[in-house]
Amino acid sequence: MRTVARSGLIDQIITLLSDEIHSGRWQVGEKIPNETELTELTGASRNTVREAVQALVHAGMLERRQGSGTYVISASEFDGALDRCFSRAELYDILELRLALETTAARLAARRRTAEDVEQLRFLLAEQEKHIDSPDHEVAAYAVVALRRGIVAAGHNAVYLQVYDSLVPTLIAQSKQWFDAGKTLPLGARYQALVETVIAGQDEAAFQIMSDILTALLDYEQAQITTH
């Protein structure tokens, strides 16, 4: 990391720190250097560094964790803003968004999947089947969301994937809550059929199966809302 001149320091430090994240030198989930280290790296004062870090916290790219340090939680301001929006959303609203996003993504995946995508989807399906009944609900949630993301990734639309990656933390949290509440919906066979249609290149069938899966989830949640 290069040092900066004394003018406009806060904006310059924000840019420098952002560049570390955008470039991938600081990965999502990674702890960044502490204030003393950042002061030495940039040549700026501790107060300037603190304000720059706080600006990126507000932007949703960094998160301060009491007694632990500051961590990268998003690769861009865009992702951070979406993550904050999604994390406050109701489950039903997220499901409606997924119905619009994932159905088209499944269609694109069936049209554009590569041999590498096929191998990855088979692996992710096996992982979901392996962990779906795990007593560790976080593990189960990760497995379910990983398969969904794999289908979106196989569509090879960078914007779709960026939006979906911003949605992933919320999906994992909601899936874990679903398992914690003891909710069940027998969709395993449909997910298997979905992967098979994507691999076979059956785009409209993939679209319809994904629609059926998400509609079943929406209907289930609507019934829960009605009964409560």
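Visitor: Which domains does the domain assignment give for the chain?

Guide: This is a predicted model. The assignment gives domain 1, covering 5-75, and domain 2, covering 89-226. Between the C-alpha centres of domain 1 and domain 2 there are 34 Å.

Visitor: What makes up the secondary structure of the chain, and what pattern does the chain follow along the sequence?

Guide: The chain has 10 helices and 2 strands. Read along the sequence, the pattern is α-α-α-β-β-α-α-α-α-α-α-α. Along its principal axes, the C-alpha trace spans about 60 × 45 × 30 Å.

Visitor: Why is Ala140 called buried?

Guide: Buried means under 20% relative accessible area. Ala140 has 0% relative accessibility, so Ala140 counts as buried. Its place is in helix H7.

Visitor: Why does His131 count as buried?

Guide: The cut-off is again under 20%. His131 has 19% relative accessibility, and therefore His131 counts as buried. His131 belongs to helix H6.

Visitor: Why is Ser175 called buried?

Guide: Ser175 comes to 8% relative accessibility, and the limit is under 20%, so Ser175 counts as buried. Ser175 is found in helix H8. For the chain as a whole, buried residues make up 41% of the 228 residues.

Visitor: Which residues is Ala140 in contact with, leaving aside its neighbours within four places in sequence?

Guide: Contact means heavy atoms within 4.5 Å. With those neighbours left aside, Ala140 is in contact with His131, Ile132 and Phe179. By the same kind of count, His131 is in contact with Val139, Ala140 and Ala143. Ser175 has contacts with Ala141, Val145 and Arg148, again leaving aside neighbours within four places in sequence.

Visitor: How far apart in space are Ala140 and Gly67, C-alpha to C-alpha?

Guide: Ala140 and Gly67 are 29 Å apart in space and 73 residues apart in sequence. For another pair, His131 and Tyr142, the C-alpha atoms are separated by 9.0 Å, with their positions 11 residues apart along the chain.

Visitor: What share of the contacts between residues at least 6 apart in sequence joins residues at least 24 apart?

Guide: Of those contacts in the chain, 67% join residues at least 24 apart.

Visitor: What is the volume of the largest pocket, and how many residues line it?

Guide: The volume of the largest pocket is about 580 Å³. The lining has 27 residues, and those nearest the centre of the pocket are Ile132, Val144, Trp178, Phe179 and Leu185. Two of these names came up earlier: Ile132 and Phe179 are among the contacts of Ala140.

Visitor: Which helices each supply at least two residues of that lining, and which gives the most?

Guide: Helices H5 (91-112), H6 (115-131), H7 (137-154), H8 (158-180) and H9 (188-200) each supply at least two. H8 gives the most, with 5 residues.

Visitor: How do the residues of the lining divide into nonpolar, polar and charged?

Guide: The lining of the largest pocket has 14 nonpolar, 8 polar and 5 charged residues. Among the residues nearest the centre, what makes Trp178 and Phe179 nonpolar is the grouping used, because Trp and Phe count as nonpolar. Ile132, Val144 and Leu185 also lie nearest the centre, and Ile, Val and Leu count as nonpolar too.

Visitor: How much accessible surface does the chain have, and what part belongs to carbon and sulfur atoms?

Guide: The accessible surface comes to about 11800 Å², and 52% of this belongs to carbon and sulfur atoms.

Methods:
Residues are numbered from 1 along each chain as its sequence is written. This is a predicted model: local features need pLDDT of at least 70, side-chain atom pairs count only at pLDDT 80 or more; totals for chains, interfaces and linings use all residues. Side-chain values use heavy atoms; hydrogens and water are left out. On a 1 Å grid over the protein atoms alone, a cavity is a set of points where a 1.4 Å probe fits but cannot get out, and a pocket is an open set with protein on both sides within 12 Å along at least five of seven lines; lining residues have an atom within 4 Å of a point. Grid points are joined across faces, edges and corners, and a volume is the space filled by probe spheres set on the points. Helices (H or I, at least four residues) and strands (E, at least two) are DSSP runs, numbered from the N terminus. Buried means under 20% relative accessible area, exposed over 50%, partly exposed in between (1.4 Å probe, protein chains only). Accessible areas come from the Shrake-Rupley method with a 1.4 Å probe; for residues, only the protein chains shown count as cover. Domain bounds come from an automatic or database domain assignment.
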